[in-house]
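This report is written for a reader who meets the structure here for the first time. It follows the buried parts of the chain and the helices that pack around them.

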Amino acid sequence: MTKTISIIVPCYNEQESIPLFYAAVEKVAATLADHRIEYIFVNDGSADESLAEMRALQAQDPEHVHYISFSRNFGKEAALYAGLQAATGDYVSVMDVDLQDPPELLPEMIHDIEVEGYDCVGTRRTTRAGEPPVRSFFAKQFYKIINRISQTEIVDGARDYRLMTRQMVNAILEMSEYNRFSKGIFSWVGFDTKYLEYKNQDRVAGQTSWSFWGLFKYSLDGIVTFSETPLAIASFVGFFSFAIALLALIFIVIRALIFGDPTSGWPSLISVILMVGGLQLLCLGIVGKYIGKIYLEVKNRPVYIVKEKK
């Protein structure tokens, strides 16, 4: 019995990569016995000719190629969610269009699910060759931090590239929150997962749309989404500051009673006020981040808006 593999391909300004990606996956698809490929390209508000490339591929191969085009840029997480909702395959894969996710791993993924019985086969990079050293350093620190403070394990170097069973995809779709962090969601739903390792691949064309600041904000969203530890830290900082201030007040009162108060203490007082005020603002910022997430959730806005699909 032929089984369908839905491949979700988020795209943002990837007009050069789309035809190269399709050709590369088609070579692998030709080697897959009893499996057909369903492509779901998601145009995430691209400003270039990405949508035109998708239309051309769909006209060329209407049986296998489909596309979804957003009304504006909603982000990769929204594109992944839209693709998961549209996928009809027995298995569902997520792949980057720049071919940094090697399509050649698909046969091994299928084998591990059908023969070894895994529900999901993911991938992780063993090297970060070609990345700026600063980005690699902060990426490693992110994985260390989030795995220390979160009960949901997020594998260091794990990619979104994976192959999942329909049962696992249905479980993911039940998590319909507005603030999405797919790496955490894939892990949170559970299911038996195996990771294939490979060395970092260069982009086949174009430039990445991820800046250092964008990745930093994305990592903060991941921490806030899957850990309450920052709130606990804010509480601890507040209590610690209160305890230190109380001890200092007792010390000052006792010293004044015994030795008097020969100096006004104006500079030290200002310094303490500024320090405590800074800690309060830090804690308020942490709490505000969580409140902001709650605010977006209760608005119940759609994760994305579709302008065109086929």
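How many residues does the largest nonpolar core have, and which of them have the most contacts inside it? In this predicted model, the largest nonpolar core has 34 residues, and those with the most contacts inside it are I5, I7, F21, Y39 and F41. Two or more residues each are given to this core by the strands β1 (3–11), β2 (35–43), β3 (65–70), β6 (158–165) and β7 (193–198), together with the helices α1 (17–29), α2 (50–60) and α4. Of these elements, α1 gives the most, with 7 residues.

F41 offers a view into this core: leaving aside residues up to four places away in sequence, F41 touches V9, C11, I18, F21, M54, L57, V65, H66, Y67 and I68. Another core, of 27 residues, lies apart from this one and includes V42, A79, L80 and M168.

Three helices can be compared by their buried residues and by the arc that these cover around the axis.

| Helix | Buried residues | Arc |
|---|---|---|
| α2 | S50, L51, M54, L57 and Q58 | 125 degrees |
| α4 | L106, M109, I110, D112 and I113 | 165 degrees |
| α6 | M168, V169, A171 and I172 | 160 degrees |

An α-helix has 3.6 residues a turn, so residues three or four places apart point the same way. In α2, the buried residues S50, L51, M54, L57 and Q58 fall within an arc of 125 degrees seen down the axis, so they line one face of the helix. These buried residues pack against β1, α1, β2, β3 and β8 (306–309), while the face of α2 turned away from them carries the exposed residues A59 and Q60.

In α4, which spans residues 106–114, the buried residues include L106 and I113; seen down the axis, the buried residues of α4 fall within an arc of 165 degrees, so they too line one face of their helix.

The buried residues of α6 are M168, V169, A171 and I172, and they cover an arc of only 160 degrees around the axis, which puts them on the same side of α6. Their cover includes α3, β4 (91–94), β5 (120–125), β6 and α7 (182–188).

How do α3 and α6 meet, and at what angle do they pack? Helix α3 (residues 76–86) and helix α6 (residues 166–173) pack at an angle of about 125 degrees, with their axes 10 Å apart, and that angle makes α3 oblique to α6. The contact is made by Y81, L84 and Q85 of α3 and by V169, I172 and L173 of α6, and α3 passes α6 in a left-handed crossing.

Terms used. Residues numbered from 1 in each chain as written. Predicted model: local features only at pLDDT ≥ 70, side-chain atom pairs only at ≥ 80, totals over all residues. Heavy atoms only, no water. Buried < 20%, exposed > 50% of the residue type's maximum accessible area, 1.4 Å probe, protein only. Helix = DSSP H or I, 4+ residues; strand = E, 2+ residues; numbered from the N terminus. Arc of directions from axis to C-beta. Core = buried A, V, L, I, M, F, W, Y, C linked by side-chain atoms within 4.5 Å. Contact = heavy atoms within 4.5 Å. Axes fitted to C-alpha atoms, helices over the stretch in contact; angles between N-to-C directions. Parallel < 35°, antiparallel > 145°, perpendicular 65-115°, else oblique. Left-handed = near helix turned anticlockwise from the far one by under 90°.
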